[in-house]
Amino acid sequence: MKPIEFDAPTSLQDAIRLLGTDPGKVGLLSGGTDLIIQWRGGRRELSRMVDLKHIPELNVLEFDPARGLRLGAAVPCARLADFEPARQHYPALVEGAQLIGSMQIQSRASVGGNVCNGSPAADSICPLIVLGAAALVQGPRGNREIPAALIVTGPGQTALQGGEILVEFRVPAPAARSSSAYLRFIPRNEMDIAVVGAATSLALGHDGRTVTQAAIALGAAGPTPIAADAAAKALVGKKIDEASLAAAAAAASGATKPITDLRGPAPYRRHLAGVLTRRTIETAVRRARGEERL
Ligand SMILES: Cc1cc2nc3c(=O)[nH]c(=O)nc-3n(C[C@H](O)[C@H](O)[C@H](O)COP(=O)(O)OP(=O)(O)OC[C@H]3O[C@@H](n4cnc5c(N)ncnc54)[C@H](O)[C@@H]3O)c2cc1C
């Protein structure tokens with residue numbers, strides 16, 4: 001390990017300035033649970049590390065029933081998981097955050113870092129996609145919003161441009177009679193990367209049976225997270241029954257572009273995408289009806 005500069009700015013402007021001091025060689029550190037491992041392992045060459053944990057804008061965690069959730073990019077997963085409005089209104093996001101590593105990892109790791117690491121298997125990205133979240137990013141030329149579905153552009157790559165920092169996620173207010181769920185499959189109980197992950201968000205009509213809105217996303221099922229629009233379309237306007245569940249699950253399997261690797265062969269991943277999609281729909285429906293909660 002070579003010695004590097006370390007800064008812990010307390011303002012976003014200072015962090016943006018420091019990021020520009022040595023383009024490509026400055027590492028932004030939220031929790032460091034990816035960054036430090038990559039640096040120590042020689043996969044990232046850094047001249048400077050900029051700790052983002054002391055910047056107020058990146059530590060915002062607020063819910064407003066009309067405006068929705070604001071989640072600062074550096075908020076640790078454990079803090080999100082303890083935030084009652086998130087548990088109540090965005091259970092898929094809390095489920096994703098609670099699957100990241102162990103309690104020790106979650107007390108450091110952020111959803112912002114999970115997404116900026118650019119892994120299509122990250123456990124928070126599919127929940128953000130189905131909840132319609134947008135990322136607010138800020139750089140030397142001002143700020144802009146990126147829809148969650150467009151952030152991860154390939155393995156290890158994101159839509160953030162050089163000099164930009166992810167500030168917060170904005171998640172819209174939940175619709176009436178709506179809820180969500182996230183599930184992943186791993187071959188052991190914890191501390192592993194998803195073989196496949198699936199998230200569903202949906203809203204029900206007054207009858208509590210007909211789906212009025214739906215979004216489904218799949219992780220580790222292709223080079224980027226996949227918004228499985230055909231699977232969501234198979235639900236909208238339909239009652240939840242065996243036919244609509246089977247149609248959504250088949251469409252989810254069909255939306256995957258999986259690889260075969262040591263975690264599992266492509267056909268297995270395709271099958272899992274259907275199974276997990278069906279289960280997340282069933283859970284989201286029970287939650288939307290008030291029969292179950294996280
Ligand atoms: C033992 C262990 C188990 C794990 N298990 C899981 C798991 O089950 N599921 C899972 O999804 N992940 C897992 N991970 C990976 C990791 O913990 C997560 O990806 C974590 O959420 C990353 O967040 P962080 O705050 O630590 O990010 P950091 O390591 O600080 O940053 C990650 C990347 O994002 C960049 N970055 C961070 N913040 C910003 C920002 N605000 N703006 C722009 N770029 C930024 C960094 O420069 C870096 O490239 C595990 C890691 C370990 C060590």
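## Helix α10 and its cover

In this predicted model, the buried residues of helix α10 are covered by elements that include β13, α9 (229-233) and α11. The residues of α10 that are buried are Ser244, Leu245, Ala248, Ala249, Ala251, Ala252 and Ser253.

Helix α10 itself runs over residues 242-255 and has 14 residues. From the first C-alpha to the last, α10 reaches 20 Å, close to the 20 Å expected at 1.5 Å a residue.

## Helix α11 and the residue that follows

Helix α11, one of the elements that cover the buried residues of α10, occupies residues 266-288. Its 23 residues reach 33 Å from the first C-alpha to the last, and this span is close to the 33 Å expected at 1.5 Å a residue. Just after α11, Gly290 adopts a positive phi of about 80°.

## Positive phi outside glycine

Two loop residues that are not glycine also have a positive phi: Arg177, at about 50°, and Ala220, near 60°. Arg177 is found in the loop that joins β10 (165-171) to β11 (178-185). Its relative accessible area is 33%, so Arg177 is classed as partly exposed.

Ala220 sits in the loop between β13 (211-219) and β14 (226-227). With a relative accessibility of 12%, Ala220 falls under the 20% limit and therefore counts as buried. Strand β13, which leads into this loop, is also among the elements that cover the buried residues of α10.

## Lys2, Trp39 and their distances

Lys2 is placed in the segment before β1 (5-7). Its relative accessible area of 63% is over the 50% limit, so Lys2 is exposed. When its neighbours within four places in sequence are left aside, Lys2 is in contact with Trp39 and Glu45. Lys2 and Ile240 are 238 residues apart along the chain, and their C-alpha atoms are separated by 58 Å.

Trp39, one of the contacts of Lys2, belongs to helix α2 (residues 35-40). In contrast to the exposed Lys2, Trp39 is buried, with a relative accessible area of 17%. Trp39 and Glu84 are 45 residues apart in sequence, and the distance between them is 35 Å, C-alpha to C-alpha.

## Overall architecture

The secondary structure of the protein consists of 11 helices and 14 strands. Along its principal axes, the C-alpha trace spans about 60 × 45 × 35 Å. A compact globule of 294 residues would have a radius of gyration near 19 Å, and the protein agrees with this, because its own radius of gyration is 19 Å.

Of the 294 residues, 52% count as buried. Among the contacts with a separation of 6 or more, 59% are accounted for by residues 24 or more positions apart.

## Surface and charge

The accessible surface of the protein comes to about 13200 Å², and carbon and sulfur atoms contribute 52% of this area. The side chains comprise 33 positive and 27 negative ones. The centres of these two sets of charges lie 4 Å apart.

Methods. Residues are numbered from 1 along each chain as its sequence is written. This is a predicted model: local features need pLDDT of at least 70, side-chain atom pairs count only at pLDDT 80 or more; totals for chains, interfaces and linings use all residues. Side-chain values use heavy atoms; hydrogens and water are left out. Helices (H or I, at least four residues) and strands (E, at least two) are DSSP runs, numbered from the N terminus. The radius of gyration is taken over C-alpha atoms; the globule rule is 2.2 Å times the number of residues to the power 0.38. Buried means under 20% relative accessible area, exposed over 50%, partly exposed in between (1.4 Å probe, protein chains only). Contact means heavy atoms within 4.5 Å. Accessible areas come from the Shrake-Rupley method with a 1.4 Å probe; for residues, only the protein chains shown count as cover. Lys and Arg count as positive and Asp and Glu as negative; His and the chain ends are not counted. The place of a charge is taken as NZ of Lys, CZ of Arg, CG of Asp or CD of Glu. The expected span of a helix is 1.5 Å times one less than its number of residues.
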